[in-house]
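Biologist: Could you take one part of this model and walk me through it slowly? I'm new to this, so please keep it plain and connect the pieces as you go.

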Amino acid sequence: MCLAVPGKVLEIKERDGTRMATVDFGGVAKEVCCEYLPDLRPGEYAIVHVGFALQRLDEESARQTLALFEELGLLEEEFGDPWESAAKEAAK
């Protein structure tokens, strides 16, 4: 399943002429294109779908949605288990 997931913008930088953000999705950080939201800033929340930040979201709505997704097991389905991923990376 492919979800539009809210995440918190940690930092924004330019890569090859494209605005990219590091976004935290409940403990899993991913690189996201933020060209559709040119005024997006670190500390704000955005809804992300297939690697693109599509819409700004208030913090409370983002937290409620992340909690619901986690409760339903959708975050693990979408991103995998971050502890398992970290353990695999550490074992290399």
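Modeller: Counting elements, the chain has 3 helices and 5 strands, and going along the sequence they come in the order β-β-β-β-β-α-α-α. Keep in mind that this is a predicted model. There are 92 residues in the chain, and 30% of them count as buried. If you take the contacts between residues at least 6 apart in sequence, 36% join residues that are at least 24 apart.

Let's pick helix α1 for the close look. This helix covers residues 59-72, which makes 14 residues. How far apart should its ends be? At 1.5 Å a residue the helix should span 20 Å, and its end C-alpha atoms are indeed 20 Å apart, so the expected and modelled spans agree.

Now, which residues of α1 are buried? They are Ala62, Leu66 and Phe69. Look down the axis of α1 and you'll find these buried residues within an arc of 65 degrees, so they line one face of the helix. Glu71 and Leu72, on the other side of α1, are exposed.

Ala67 also belongs to helix α1. Is Ala67 buried, exposed or something in between? Its relative accessible area is 43%, and because buried means under 20% and exposed means over 50%, Ala67 counts as partly exposed. Here's a nice pairing to find on your screen: Ala67 and Gly26 sit 41 residues apart along the chain, yet 8.6 Å separates their C-alpha atoms.

Next, check the two ends of the helix. At the N-terminal end, Asp58 acts as a cap on α1, with one of its side-chain oxygens 3.3 Å from the backbone nitrogen of Glu60. After α1 comes Gly73, which has a positive phi, near 80 degrees.

For a companion to the helix, hop over to Arg19, which you'll find in strand β2, residues 18-25. Arg19 is buried but has no salt bridge. The nearest side chain of opposite charge belongs to Glu35, 5.7 Å away, and a salt bridge has to be within 4 Å. What does the Arg19 side chain have, then? One of its polar atoms lies 3.1 Å from the backbone oxygen of Leu40. Setting aside its neighbours within four places in sequence, Arg19 is in contact with a whole list of residues, including Ile12, Val32, Cys33, Cys34, Pro38 and Leu40. So Leu40 turns up both in that contact list and as the owner of the backbone oxygen by the Arg19 side chain.

Terms used
Residues numbered from 1 in each chain as written. Predicted model: local features only at pLDDT ≥ 70, side-chain atom pairs only at ≥ 80, totals over all residues. Heavy atoms only, no water. Helix = DSSP H or I, 4+ residues; strand = E, 2+ residues; numbered from the N terminus. Expected span 1.5 Å × (residues − 1). Buried < 20%, exposed > 50% of the residue type's maximum accessible area, 1.4 Å probe, protein only. Arc of directions from axis to C-beta. Polar contact = N/O pair within 3.5 Å; in protein donor to acceptor, adjacent residues only side chain to side chain. Lys, Arg positive; Asp, Glu negative; His and termini not counted. Contact = heavy atoms within 4.5 Å.
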